[in-house]
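Work through these short exercises with the structure in view. Try each task before reading its solution.

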Amino acid sequence: MNGHPVVGAIVNLNHPDYYIHWGFILISMANFLVIVILIVLFALAISIPFLKGKPVKRRKYQSIASAGSDDESEGWTAHGRRLGLKYLPPDKLLPDGQPSYVASWVYVFGVLTIGALIMAILSGMVLAIEGPTWWHLSDIGHFVNSLHLWSVELFMGFMTVHLWAKFWMAAWRGKRWLTWMTGMLAFLVSIVEAFTGYLSQTNFDSQWIAFESKDAFNSGGIGAFFNAMNFGQALMLHIVLVPIILVLIVGIHVLMVRIRGVVPPIGAEPAHLGEDSGDAVIASGAQETGIQETSTLEVGQ
Amino acid sequence: MSRWSQSERKYGRPWHGPLRHYDILKEATIAFVIVLVLVFLLAITFSSPDVPPVTVQSWAKAQPVGFVDIALTELNGTSTTATYGPPYNTATGSLQTLGPVSVQKFFGVKYPLNTAKDFVLNPLSTLPDFPSLTVAISTYEHASKATEDHWISNYQAQMNKLPLGSSAVISEMPSAGPVPVLMTHLLAMAQSGALDAQLLTQSSFYTTNYTNPLMFIGDSVVAQPNSYWNKLVTVDHLQGNQWGVMNETGSWPGQPWMWLYTMWYQISPMSTSGNGDVEVLAIMTVLSILLLLVPIIPGLRKIPEKIPLYRLIWRNYYRDPDFTNAGEVPAQRPV
């Protein structure tokens, strides 16, 4: 079904799509291309050589054990500060060094996902200022809606590649199960966030999705609490409750990555995993880079 | 200590190997700028879809007989909505169960709908200055259920002979009692746009709830394969049996991440089951939990080690574990 003329598009997509029909599979060319692009991106990301790095120049790193050890202050705040320094010292929170194995393009999809999320939030904020039907009436509004849509497509796409990468790295190893689970939760909540966004478009697509999806919600009892045809409920969920939950989960996920570090390679050298080393270890790479006084090198993991 | 505990301890220790330079703030800034540029390029190039919604008015104008046919089923309580079940009423037409359990039934009626009153009689009663209509409403409401059904049945028998798009709605038919008067006024109300407003504002001035008009129009989707809304959504492949959950109007990508959810609807027994929705919901819930719990599920958590894509990702480390990526890519390490 064709709508009114599309604002500002160099390529006009406002016509019925071509569909690929293969057995029971029926997929639009646009969706097919998105999936192909993601697979190609993943293949390229794990294949193309990464940028050459630079040596770590810092000479000394703060070890976990020593962080805040001379702080004998009392009270909840002091205790909280000591905990923060113990599990997330500045070196880990804002690292300027990474284990050498973190050298693949596939690692950039996590931060790209966050970049797209920020872009989706910013464009959503502009839409929120003018209200949910502004974009139907204004060329600028339609363009902001386009920014919002493509932010979401990129967000979901980057997150999917990130998820594939972390699965094939078995990134839950080494007490990183919470990092994996918060990532998966973020993916599932993002689907809810995107879905409520589609319901909030106030157009042909949103009313059809609302009507069709009600049966699934009703069948599972969810319909007793969430009425997809109640635009106000969908919009409030989309712009308040779900994004707050999503940002919280993403925040915990990022903190878990910083606390636990990036998972080491499967079958990494025992010495690199600290299996046959003493308490004070000089990193093999550190010798080349001039680091002489290192303890356990937790930085940047 | 179990093998799993050993593995957890082994990979959970601080990294003692070589390091490379990293600048987290610089990386985040570059990533955001790349996303910013990409989003603007995509928005300028492809824009975004925006097809206006269908209305009761556009439906009643496109298919007057189709509209009246559905309105009759709302009036005699045989429409999909009237026979749906929870959360709209206590019927069982769309009640789904998973084995012996029906969560849908458990939560009961949350948004009560009486299609005869909410979709037909109450909106008609708001029309002023139509004495014949006032009499027709009163006559209908005071008749027995058997008489009402008889009138509607007689009227339906004649209306069903007309094509959906015909405007030759029968306005007089003695054997149908007051029904022709009710239907011709309701059609006129719908074609003027007044019914759209009435379906929304029965409860209060302000509303954001579109349940009534969507359920009314939607009843034509189920009952009439060639209905106005059916034809529109079929062109854009939005029907459930067209993997519609993934799709978008026009040629834009939709929600490709819903591929697995919508795939189950295409496969037997879900594709033909009366409980298809709750079955797919149950399958996806189980699969989501499995994916969430991969780290602690034996077998699943070992899959990446069996299919060693990881060797490609960490190939530099495996070639030379002391590699810092600070210079040239190292040659294959001597065995």
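The exercises below deal with the interface of two chains and with the domains of one of them. This is a predicted model, where local features need pLDDT of at least 70, side-chain atom pairs count only at pLDDT 80 or more, and totals for chains, interfaces and linings use all residues. Residues are numbered from 1 along each chain as its sequence is written, chains are lettered from A and ligands numbered from 1 in the order in which they are written, and side-chain values use heavy atoms, with hydrogens and water left out.

**Exercise 1.** Describe the extent of the contact between chain B and chain A.

Step 1. Count residues in contact (heavy atoms within 4.5 Å). Chain B gives 117 and chain A gives 144.

Step 2. Take the buried area (accessible area, 1.4 Å probe, that two parts lose on being put together, summed over both). It is about 12,600 Å², with 66% from carbon and sulfur atoms. In chain B, the most area is lost by B:Tyr11, B:Trp15 and B:His16, together 7% of what that side buries.

**Exercise 2.** Find the salt bridges between chain B and chain A.

Step 1. Look for a side-chain nitrogen of Lys or Arg within 4 Å of a carboxyl oxygen of Asp or Glu.

Step 2. The rule finds zero across this interface.

**Exercise 3.** How is chain B divided into domains?

Step 1. Read the bounds, which come from an automatic or database domain assignment. Domain 1 is 6-46 + 293-324, domain 2 is 56-224 and domain 3 is 241-289.

Step 2. Compare centres over C-alpha atoms: those of domain 1 and domain 2 of chain B are 58 Å apart.
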